[in-house]
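Here is a friendly walk through one protein model, written for someone who likes to think in atoms and distances. Have the viewer open while you read.

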Amino acid sequence: MKRMKRISFWNLWLVSIMGGILVGTIWANLLGGELLKQIGYFDGIFQTGKGLDRDARRQLWGYVVRQRLCEAGFGGLLAMTPVAAPGYLVLSFGTGMAIALVIAVFTLEKGWMGLGYWLGAVLPHGLCYGAVWLIFVAAIKERQDLRKIRIWRLTGILVMGGCVLEVWVNPWIVEMFF
């Protein structure tokens, strides 16, 4: 009798993200123009970022920091629970769907430049936030103790760096190239 090979957590994680991207792409293509009407406000958000005055930018900074710290805190707390692995697989599926839907909206608005627009608008701060989630996923996989201060310090630095990029750098990149 042949033994079944066990699928590693990393492979399940990648399948979950790719499955989310596939489902999100199919969903976006089925909705098409209706999706653009409902989520068409993206264009205004990304194009007005650089034109905000000092007070509006400070309010945006506060909102982004609160939002991202809550998300990272939730992810860290989830990583310490017994349901961490399935929870992260579900979150990864949802993240894949969100990535596909945002790329689809940008592509519907900008044509082939939509992918470049997405790279300029999302990728810089997305790398910081992605690193935070990779740290949590690696901690789940390796069964690391997340009560250690150095992990939280590193994720805090990455989240704050992502916030700086999201509020001050990404609008400049989008305006410069698009």
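The report below starts with the overall layout and then turns to helices, rings and cysteines.

## Overall layout

Please keep in mind that this is a predicted model. The protein has seven helices and zero strands, and along the sequence the pattern reads α-α-α-α-α-α-α. Of its 178 residues, 33% count as buried. Among contacts with a separation of 6 or more, 79% come from residues 24 or more positions apart.

## Three helices side by side

The table sets out the spans of three helices.

| Helix | Residues | Number of residues | End-to-end C-alpha distance | Expected span |
|---|---|---|---|---|
| α4 | 54-79 | 26 residues | 37 Å | 38 Å |
| α5 | 84-110 | 27 residues | 38 Å | 39 Å |
| α7 | 149-177 | 29 residues | 39 Å | 42 Å |

For α4, the distance between the end C-alpha atoms agrees with the expected span, and the same check on α5 also gives agreement. Helix α7 comes out close to its expected value.

Which residues of α4 are buried? They are Arg57, Val64, Val65, Arg68, Ala72, Gly75, Gly76, Leu78 and Ala79. These buried residues pack against α5, α6 and α7. In α5, the buried set includes Ala84, Gly87, Tyr88, Ser92, Gly96 and Met97. Just after α5, glycine 111 takes a positive phi of about 70°.

## A bend in α7

Where does α7 bend? The bend is at valine 169, by about 45°, and proline 171 follows within four residues. Both proline 171 and asparagine 170 are among the buried residues of α7. Others in that list include Ile151, Thr155, Val159, Gly162, Cys163, Glu166 and Val167. When reading such a list, it helps to recall that an α-helix has 3.6 residues a turn, so residues three or four places apart point the same way.

Two of these residues are worth a closer look. Threonine 155 is buried, with a relative accessible area of 3%. Leaving aside residues up to four places away in sequence, threonine 155 touches Val132, Ile135 and Phe136. Valine 159 is also in helix α7, and it counts as buried because its relative accessibility is 2%, under the 20% limit. With the same exclusion of sequence neighbours, valine 159 touches Arg68, Leu69, Ala72, Tyr129 and Val132. The C-alpha atoms of valine 159 and valine 65 are 8.1 Å apart, although the two residues are 94 residues apart in sequence.

## Aromatic rings

How many aromatic pairs does the structure hold? There are six. Phenylalanine 136 and tryptophan 152 form a tilted pair, with 5.7 Å centre to centre and 55° between the planes. This pair links distant parts of the chain, with phenylalanine 136 in helix α6 (residues 113-141) and tryptophan 152 in helix α7, 16 residues apart. Is each partner buried or exposed? Phenylalanine 136 is buried, with a relative accessible area of 0%, whereas tryptophan 152 counts as partly exposed at 28% relative accessibility. Ring pairs also link Tyr88, Trp133, Phe136 and Trp152 into a cluster.

Another ring has a charged neighbour. Lysine 110 lies over the face of tyrosine 117, at 4.8 Å from the ring centre. Tyrosine 117 lies in helix α6 and is buried, with a relative accessible area of 0%. The C-alpha atoms of tyrosine 117 and phenylalanine 177 are separated by 8.3 Å, and these residues are 60 residues apart along the chain.

## Cysteines without disulfides

A disulfide is a covalent bond between the sulfur atoms of two cysteines. How many disulfides does a search of the whole structure find? The search finds zero.

Why is cysteine 163 not bonded to cysteine 128? The sulfur of cysteine 128 is the closest cysteine sulfur to that of cysteine 163, but the distance is 9.1 Å, which is too far for a bond because the cut-off is 2.5 Å. Cysteine 163 is buried, with a relative accessible area of 0%. Cysteine 70, on the other hand, counts as exposed because its relative accessibility is 57%, over the 50% limit.

Key: Residues numbered from 1 in each chain as written. Predicted model: local features only at pLDDT ≥ 70, side-chain atom pairs only at ≥ 80, totals over all residues. Heavy atoms only, no water. Helix = DSSP H or I, 4+ residues; strand = E, 2+ residues; numbered from the N terminus. Expected span 1.5 Å × (residues − 1). Bend = angle between axes of the 7 residues up to and from the residue. Buried < 20%, exposed > 50% of the residue type's maximum accessible area, 1.4 Å probe, protein only. Phe/Tyr/Trp six-rings, centres within 6.5 Å; stacked < 30°, edge-to-face > 60°. Lys NZ or Arg CZ within 6 Å of the ring centre and 35° of its normal. Contact = heavy atoms within 4.5 Å.
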